[in-house]
Amino acid sequence: MRRKAGLVLLALAVFFAALSPLLRWYAFPRLAKIPANQYQDMVLEAKDATLLDYGTMQARKVSKVTIVQTLKGNVEESDRIEKTAGRDVVVWDGLSYVQGPDGKMVSKVSERYIFDAHTQEPVHATGEAVDGDPVRRQGIEFKWPFLTEKRDYEYFDAQTRTSAPIHYRGTRTFRGLKVYYFEQTVPWTRVAFPKVMPVEGVTPESVAGTGTTRWYTTVRRFWVEPVTGAPVYGEEIHREELRGGTLLGGRAKVTAFAGHVKMREDYIEHTVALVKSNRTLVLLLTSYLPWGFLALAALLLALALWLEARGRRPAGPAPAPAADPEPVTA
């Protein structure tokens, strides 16, 4: 019985020892992915900002500018692209809606972001666009890969339609989470006017006809939880200017928007709570279960060897044969 039990324990030890690296290096890359139907929204604010009044074409101080960003998974498009891409694909239809303190629209820019559900690498397919203009992304946007590394990444900027390095600047602690801090500076760059303008009847073409151009710069900052690759906080020091042309009445430039854009507090709390729960799921596949299976395999092996050792232990000395009975004499 001991030998049979030892063999069973030995087989289980081999099974769990093999399952440990299989779970980490085979199952995890295939199981960890962004769901195709995910929906999320985010509200950011720039308090005490500068905003252009398009009625007077004068920059003025305002109490607050609000940016609402939404990302909605497009399952139908994901299924369509997966048929030719040969991998799991996520399609996010995004919208960045900017409004002034009076609630009126300042700008509205749509975006379609197509990427690999496992690695977050861009997938180039028909429909990839920013504000209706076809683009071909390089690098990441919105989310870092699972198990983010301490290095620079290429990050796509929707305003310039180009990618540039976003630099790893160190490890920090944010709301009880270990995070990697990344920063990117986009220098002054001429960018397109939004397709939807804040003044009725005014179009990008009509503004361009005046010779006025739009310029933009920003310092982009992200605090990224490295296990999930999800930013738990982000902000931008953002500036936009209109330059030259007859629209400015002889002025060289005017500020269209300037402000320090930050996530609203309630969305920070919600994001941190969500990332903490998802972090546990990722750690189960990458750390807790693989290491747990290795420890269990070691314990089972030790038990198997112990039972085998007990089964092979030499028996005690044989009992002495009984003495012949003495003959009975009268």
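Tyr181 and Trp223 are both buried. In this predicted model, the two residues also form a ring pair: their ring centres are 4.9 Å apart and their planes meet at 45°, so the pair counts as tilted. Tyr181 belongs to strand β9 and Trp223 to strand β10, which covers residues 213-225, so the contact between the rings ties together parts of the chain that are 42 residues apart in sequence.

This pair is one of 18 aromatic pairs in the structure. Another joins Trp144 and Phe182, whose ring centres are 5.1 Å apart; with the planes at 35°, this pair is tilted because the angle falls between the 30 degrees below which planes count as stacked and the 60 above which they count as edge-to-face. Trp144 sits in the loop between β6 (133-134) and β7 (153-157), while Phe182 is in strand β9 (residues 177-191), so here the parts tied together are 38 residues apart in sequence. Trp144 is buried, as is Phe182. Both residues also take part in a cluster linked by ring pairs, which consists of Trp144, Tyr153, Tyr155, Tyr168, Tyr180, Phe182 and Phe222.

The chain as a whole gives the setting for these details. Its secondary structure comprises four helices and twelve strands. The radius of gyration is 32 Å, well over the 20 Å that the globule rule gives for 330 residues, so the chain is more spread out than a compact globule. The C-alpha trace spans about 150 × 40 × 30 Å along its principal axes. Buried residues make up 42% of the 330 in the chain. Taking contacts between residues at least 6 apart in sequence, 60% join residues at least 24 apart.

The surface and the charges can be described in the same overall terms. About 18,300 Å² of the chain is exposed, and carbon and sulfur atoms supply 58% of that area. There are 43 positive and 36 negative charges, and the mean positions of the two sets are 4 Å apart.

Individual strand residues show how separate stretches of the chain meet. Met42 is in strand β1, which runs over residues 39-53. Its relative accessibility is 17%, so Met42 counts as buried, the cut-off being 20%. Beyond its neighbours within four places in sequence, Met42 is in contact with Ile67, Val68 and Gln69, and also with Met263, Tyr267 and Thr271. Arg80 offers a contrast with those contacts: Met42 and Arg80 are 38 residues apart in sequence, and their C-alpha atoms are 28 Å apart in space.

Ala59 lies in strand β2 (residues 58-73). With 36% relative accessibility, Ala59 counts as partly exposed. Setting aside residues up to four places away in sequence, Ala59 touches Thr50, Leu51 and Leu52, together with Val254 and Thr255. Ala59 and Ala158 are 99 residues apart along the chain, and 24 Å separates their C-alpha atoms.

Ala258 is part of strand β12, residues 253-263. This alanine has a relative accessibility of 10% and therefore counts as buried. Outside the four places on either side in sequence, Ala258 touches Ala49, Thr50, His238 and Arg239. Thr50 is thus a contact of Ala258 and also of Ala59. Ala258 and Val65 are 193 residues apart in sequence, yet the distance between their C-alpha atoms is 9.7 Å.

Two loop residues are worth checking for their backbone angles. Gln120 has a phi near 65°, a positive value in a residue other than glycine. The loop that holds Gln120 runs between β4 (105-116) and β5 (129-130). At 1% relative accessibility, Gln120 counts as buried. Arg175 likewise has a positive phi without being glycine, with a value near 50°. Arg175 is placed in the loop between β8 (162-174) and β9. The relative accessibility of Arg175 is 39%, so this residue counts as partly exposed.

Methods:
Residues are numbered from 1 along each chain as its sequence is written. This is a predicted model: local features need pLDDT of at least 70, side-chain atom pairs count only at pLDDT 80 or more; totals for chains, interfaces and linings use all residues. Side-chain values use heavy atoms; hydrogens and water are left out. The radius of gyration is taken over C-alpha atoms; the globule rule is 2.2 Å times the number of residues to the power 0.38. Buried means under 20% relative accessible area, exposed over 50%, partly exposed in between (1.4 Å probe, protein chains only). Contact means heavy atoms within 4.5 Å. Accessible areas come from the Shrake-Rupley method with a 1.4 Å probe; for residues, only the protein chains shown count as cover. Lys and Arg count as positive and Asp and Glu as negative; His and the chain ends are not counted. The place of a charge is taken as NZ of Lys, CZ of Arg, CG of Asp or CD of Glu. Rings of Phe, Tyr and Trp (its six-membered ring) pair if their centres lie within 6.5 Å; planes under 30 degrees apart count as stacked, over 60 as edge-to-face and the rest as tilted.
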